[in-house]
Amino acid sequence: MSTLVDTIPSQELRVADEGSGDARVVDDLPITVIEPRPGWHLVDLAEFWRYRELLYFLTWRDIKVRYKQTVLGAAWAVLQPLATMVVFSMFFGRLGAAPESPWPYPLFVFAGLLPWTFFATAVSSAGQSVVGNQALVTKVYFPRLMIPMGAVGAAIVDFAIATGLLFVLMLFYRVPPGVGLVMAVPIVLVLMLAAVGIGTLLAALTVAYRDFRYVVPFMVQLWMFATPAIYMQAEAVVGPRWLALLPLNPAYGLIKNFRAAMLGGPFDWYALGISTAVSLGFLVLGLAYFRKVEASFADVI
C-alpha cells in the first residue's frame, strides 16, 4: 500500500526508567504517523521504480524453480505447444483446416498455441503466486503486485524460447514471415497486460477464497476450447453473430492477429480492437481489486 509518512513533534512523553521504575519526561520526541495515500492509485509508479530490482529477482527465481532438477530444462517451453500441435493435427486437422487456408495446419495451429501457452501459463502462475509466496508476504513489506507480475515475466521467457521453434517450422514449411511482423510485438504486449490483469484478479481472489486453486486450472482448460482462433478458422464454422461476439474473449482477437502478423495473413482489425479494449478493462479491474484488498493479505493468507 502506498503511504504518507508525517513526523509530528510530541509535546511530552513519559518513559519508564529501566531499573528504577521512575518515569521521566522526554520533550519533543518525533512521532511517525503512517497512513494511506489519499486519492485513487492503481499503481504507484515511483514505488515500482524503487523496487524494480525485486521484480527482476522474483522473475529469475520463478524461472530457476520451474526448471530446477529437470532433465530437459528449458526444452519444456517448446515441448508443451509442440505436443499439443501434434495432437490437434491428428484429431482436428480435417475439421480445423479450411480449404482456402494458405498455411499447413500444423503451422497454423502452432502459431495459435504459442501465444495461448504463454497466456495460459501466465494466468495460472500469477493466480497462484501470492498464496505460493505466503512466507514472503507475511514477513516484509514490498509492493505485492510484484509477485504476480514476476510470474508473468517468467512466462515471457518460455514464450521467447518457443518463438524460435515457430521460425523453424516456418522455414520447414517454406512460409516467409509476414510484412506485418512488427505488429506481433504490440499484440504480445497487450496479451501480457491481459495476463497481468486477469492474473492479479485471480491472485487476490485465491487469497480470500481457496477454491480458486481448483477453479483456475479448470477455467484455463475450458478457455482454450472457447478460443477457436487457436485451432480453427472460426469464419468457416460460426455465423456472423458469433463472429461479432468472439472478440469479447481477449485471447481470441489477440491470438488471431498474432498469427496474421507472424505468417502474413490479413489482420482482423475489429477483433483486435475489441480484444484490446477488453484486455485493458481486465487490467484496470484486476489492479483495482488487488490494490483494494492487498493490505489484508498478511492477515488472511
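These exercises work through helices, a core, salt bridges and a few single residues in a predicted model.

**Exercise 1. Check the length of helix 2, then find which residues of helix 2 are buried.**

Solution.
- Step 1: Helix 2 covers residues 52-67, which is 16 residues.
- Step 2: At 1.5 Å a residue, helix 2 should span 22 Å. Its end C-alpha atoms lie 24 Å apart, which agrees.
- Step 3: Now pick out the buried residues. They are Leu 58, Thr 59, Asp 62, Ile 63 and Tyr 67.
- Step 4: Look down the axis of helix 2. The buried residues fall within an arc of 155°, so they line one face of the helix.
- Step 5: Turn to the face pointing away from that buried side. Glu 53, Phe 57 and Val 65 are exposed there.
- Step 6: A general rule helps in reading such lists. An α-helix has 3.6 residues a turn, so residues three or four places apart point the same way.

**Exercise 2. Do the same for helix 8: compare the expected span with the model, then sort the residues by face.**

Solution.
- Step 1: Helix 8 has 14 residues, and at 1.5 Å a residue it should span 20 Å.
- Step 2: The end C-alpha atoms of helix 8 are 20 Å apart, in agreement.
- Step 3: Val 216, Val 220, Trp 223 and Met 224 are the buried residues in helix 8.
- Step 4: Seen down the axis of helix 8, these fall within an arc of 95°, so they line one face.
- Step 5: Tyr 214 and Phe 218 are exposed on the other side of helix 8.

**Exercise 3. Which elements give two or more residues to the largest nonpolar core?**

Solution.
- Step 1: Start with the core itself. The largest nonpolar core has 77 residues.
- Step 2: Find the residues with the most contacts inside this core. They are Trp 116, Phe 119, Val 130, Leu 166, Phe 258, Leu 263 and Phe 297.
- Step 3: List the elements that give two or more residues. They are helix 3, helix 4 (105-132), helix 6 (146-172), helix 7 (184-208), helix 8 (212-225), helix 10 (250-263) and helix 11 (269-293).
- Step 4: Helix 4 supplies the largest share, 17 residues.
- Step 5: Take one of the high-contact residues, Phe 258. Phe 258 sits in helix 10.
- Step 6: The relative accessible area of Phe 258 is 3%, and under 20% means buried, so Phe 258 is buried.
- Step 7: Look for a partner remote in sequence. Gly 112 is 146 residues away from Phe 258 along the chain, yet their C-alpha atoms are 7.8 Å apart.

**Exercise 4. How many salt bridges does the structure hold, and how is each partner covered?**

Solution.
- Step 1: The count is 3 salt bridges.
- Step 2: Arg 61 meets Asp 62 through their side chains, at 3.1 Å from N to O. Arg 61 is partly exposed at 30% relative accessibility. Asp 62 is buried at 19%.
- Step 3: Lys 256 pairs with Asp 268, with the closest N and O atoms 2.9 Å apart. Lys 256 belongs to helix 10 and Asp 268 to the loop between helix 10 and helix 11, so the pair ties together parts 12 residues apart in sequence.
- Step 4: Lys 256 is buried at 17% relative accessibility. Asp 268 is partly exposed at 22%.
- Step 5: Arg 291 and Glu 294 form a salt bridge at 2.8 Å, N to O. Both Arg 291 and Glu 294 are buried.

**Exercise 5. Which residues make the nonpolar surface patch of about 420 Å²?**

Solution.
- Step 1: The patch is made by Val 86, Val 87, Met 90 and Phe 91.
- Step 2: Place Phe 91. It lies in helix 3 (residues 76-96).
- Step 3: Phe 91 has 61% relative accessibility, and over 50% counts as exposed, so Phe 91 is exposed.

**Exercise 6. Describe two loop arginines, Arg 174 and Arg 210.**

Solution.
- Step 1: Arg 174 is in the loop between helix 6 and helix 7. Arg 174 is exposed, at 77% relative accessibility.
- Step 2: Check the backbone. Phi of Arg 174 is near 60°, a positive value in a residue other than glycine. Most residues other than glycine have a negative phi.
- Step 3: Arg 210 is in the loop between helix 7 and helix 8. Arg 210 is partly exposed, at 25% relative accessible area.
- Step 4: Arg 210 and Val 131 are 79 residues apart in sequence, and their C-alpha atoms are 9.0 Å apart in space.

Note on methods: Residues numbered from 1 in each chain as written. Predicted model: local features only at pLDDT ≥ 70, side-chain atom pairs only at ≥ 80, totals over all residues. Heavy atoms only, no water. Helix = DSSP H or I, 4+ residues; strand = E, 2+ residues; numbered from the N terminus. Expected span 1.5 Å × (residues − 1). Buried < 20%, exposed > 50% of the residue type's maximum accessible area, 1.4 Å probe, protein only. Arc of directions from axis to C-beta. Patch = residues over 30% accessible without salt bridge, like charges linked within 9 Å, V, L, I, M, F, W, Y side chains within 5 Å. Areas by Shrake-Rupley, 256 points an atom, 1.4 Å probe, with all protein chains shown as cover. Salt bridge = Lys/Arg side-chain N within 4 Å of Asp/Glu carboxyl O. Core = buried A, V, L, I, M, F, W, Y, C linked by side-chain atoms within 4.5 Å.
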